Amino acid sequence: MIPALIALQLLTLVAIIVLLLRRSASTAQAEDPRIAQLLAADLPGQFTRLDARSQSLDQHLRGELSQLRTDTAAASASLRTEVLTNIETLGHSLQSKLEISRTAAANQATESREALHSRLGELRSGQSEHLETLRKTVEERLDKLNVTNAAKLDEMRQTVDEKLHAGLGEMTKLSAGVDDLSRIFTNVKSRGTIGEVMLETLLKQMLATSQFEKNAKPKAGSNEVVEFVVKLPTPNGEALLPIDSKFPREAWERLETAYQTGVDLVSAGRAFETAIRNEGKKICEKYIAPPRTTSFAIMFLPTEGLYAEVMRRDGLQTDIQQNCHVTIAGPSTLSAILSSFQMGFHMLQMQEKGDEVWKVLAGARKEFGTFETLMDKMTDDVGKVQGTIDKLGVRTRAINRTLRDVSVEDTQTSLPSSSKAGFDGLLPMLAASDDE
């Protein structure tokens, strides 16, 4: 095709030259004889021969070009077949390798998952054993602590019962002789001394020496001295309970005489009540000063007969207790009150020991909280590992889906692009073959 075009262009060029020569023949004929000879020659015949030769050359070129195209198409078909075969072989090889890689990755993931499950099982077993051991240890300590506390409580209860019975027995014996001794009292100093001695004896029998104080000044800034104060613990520190012994001898003897003779009994009773009220008022004014002291005081009557007479008077004790905040107590009653104080002191000691127990339990609870925090952290770590395994499973499934989508056609389309430089000359040839 191309040689024919070249020949045609040559013919056109020759024709132009001939025309130019003819135009200038008239002027150049005299100057150059060769031009005249050329003009005299048989140009049409030469053109005819040249045209025939050109047609023969064109036919030859067309035959050669057709043969070249046939050979090229055959070579292209062979090359295409070879390339497709190589691509198919490469696709099978790649698919086989991907299948092997996928199998290896799945086996490795399975082994990792099994190893992780085995490790987690060991951790759970170890933690369970540790928790069981810790629980048994705590239970054993609590059981020992309960047994110890129960034994101490029983021991304290027995001690309290023994002291209470002993005190009550002694007070019963003492009260039997008090009435006889009351007649011996002849002056105020003797009566006060005997009442103070009896009160001190009761306090020493029922309380520790550190729990009471003799001849104390309960009011701040006052010189009034009370015979005894009992130190009671309070949430704000220590409060003093004033206890003062009283014995209204004149009013008591007048009342006893009235009982024996039956004369002037009402006025003697009123005088006795007045004396008791006056003593209660003095105790209230001199010794009660909260919060340094308690809000009440105790008037100790040293004989059971004197105390029984006060109790027999309707409203006397209640009136003194309400108006003067003074509680009246005889020997037996004061022993019972001191016993209750003693029980309170023991209960306070038990409470302090209980506070120590609670501190131990609080420490154990704190340790349990720390252990729970570690367990939560371990659970989070295990969750992260499990999440990583799940992500690995997701990626494995994604790879599997990608491999399932891979086919020979996709491979044929994508693989040549990786070696584009090698097929750049082939693709136009294949396209030209398809156009033909």
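Helices and strands here are DSSP runs, numbered from the N terminus, with at least four residues for a helix and at least two for a strand. The model is predicted.

**Exercise 1. Place the unusual peptide bond.**
Find the cis peptide bond and say where Pro291 sits.

*Solution.*
Step 1. Pro290 and Pro291 are joined by a cis peptide bond, with omega at about 5°.
Step 2. Pro291 belongs to the loop between α7 and β4.
Step 3. For background, most peptide bonds are trans.

**Exercise 2. Examine two positive phi values.**
Where do Asp264 and His325 lie, and is each one buried, partly exposed or exposed?

*Solution.*
Step 1. Most residues other than glycine have a negative phi.
Step 2. Asp264 has a positive phi, near 55°. His325 also has a positive phi, near 60°.
Step 3. Asp264 is in the loop between α6 and α7. His325 is in the loop between α9 and β5.
Step 4. Apply the cut-offs: buried is under 20% relative accessible area, exposed is over 50%, and partly exposed is in between.
Step 5. Asp264 has a relative accessible area of 41%, so Asp264 is partly exposed. His325 is at 39%, so His325 is partly exposed too.

**Exercise 3. Describe how α6 and α8 pack.**
Give the angle between the axes of α6 and α8, and name the residues that meet.

*Solution.*
Step 1. Two packed helices are described by the angle between their axes and the distance between the axes.
Step 2. Helix α6 covers residues 249-261 and helix α8 covers residues 304-312. Their axes come within 12 Å and cross at roughly 75°.
Step 3. Angles of 65 to 115 degrees count as roughly perpendicular. Therefore α6 and α8 are roughly perpendicular to each other.
Step 4. From α6, the contact uses Trp252, Leu255 and Tyr259. From α8, it uses Gly305, Leu306, Glu309 and Arg312.
Step 5. Sort this contact by class: 4 residues are nonpolar, 1 is polar and 2 are charged.

**Exercise 4. Map the nonpolar cores.**
Which elements supply at least two residues of the largest nonpolar core, and which gives the most?

*Solution.*
Step 1. The largest nonpolar core holds 27 residues. Those with the most contacts inside it are Phe272, Ile276, Leu301, Val310, Ile320, Val326 and Ile328.
Step 2. At least two residues of this core come from each of β2 (226-234), α6, α7 (265-287), β4 (297-300), α8, α9 (316-324) and β5 (326-329).
Step 3. The top contributor is α7, with 6 residues.
Step 4. Look at Ile276. Leaving out residues up to four places away in sequence, Ile276 touches Pro248, Met299, Val310, Leu316, Ile320 and Ile328.
Step 5. There is also a second, separate core of 20 residues. Met206, Leu207, Ile243 and Ala329 are among them.

**Exercise 5. Check the confidence and the overall build.**
Where is confidence lowest, and where is it highest?

*Solution.*
Step 1. Start with the average: pLDDT is 76 over the protein, and 72% of the residues score at least 70.
Step 2. Confidence is lowest in helix α12 (residues 420-423), at a mean of 41. It is highest in β4, at 93.
Step 3. Residues 184-191 have a pLDDT below 50, with 10 contacts in the model beyond near neighbours in sequence. Residues 408-436 are also below 50, with 20 such contacts.
Step 4. Now the whole protein. It has 13 helices and 5 strands. Of its 436 residues, 26% count as buried.
Step 5. Among contacts with a separation of 6 or more, 70% join residues 24 or more positions apart.

Terms used. Residues numbered from 1 in each chain as written. Predicted model: local features only at pLDDT ≥ 70, side-chain atom pairs only at ≥ 80, totals over all residues. Heavy atoms only, no water. Axes fitted to C-alpha atoms, helices over the stretch in contact; angles between N-to-C directions. Parallel < 35°, antiparallel > 145°, perpendicular 65-115°, else oblique. Contact = heavy atoms within 4.5 Å. Nonpolar A, V, L, I, M, F, W, Y, C, P; charged D, E, K, R; others polar. Core = buried A, V, L, I, M, F, W, Y, C linked by side-chain atoms within 4.5 Å. Buried < 20%, exposed > 50% of the residue type's maximum accessible area, 1.4 Å probe, protein only. pLDDT = per-residue confidence, 0-100.
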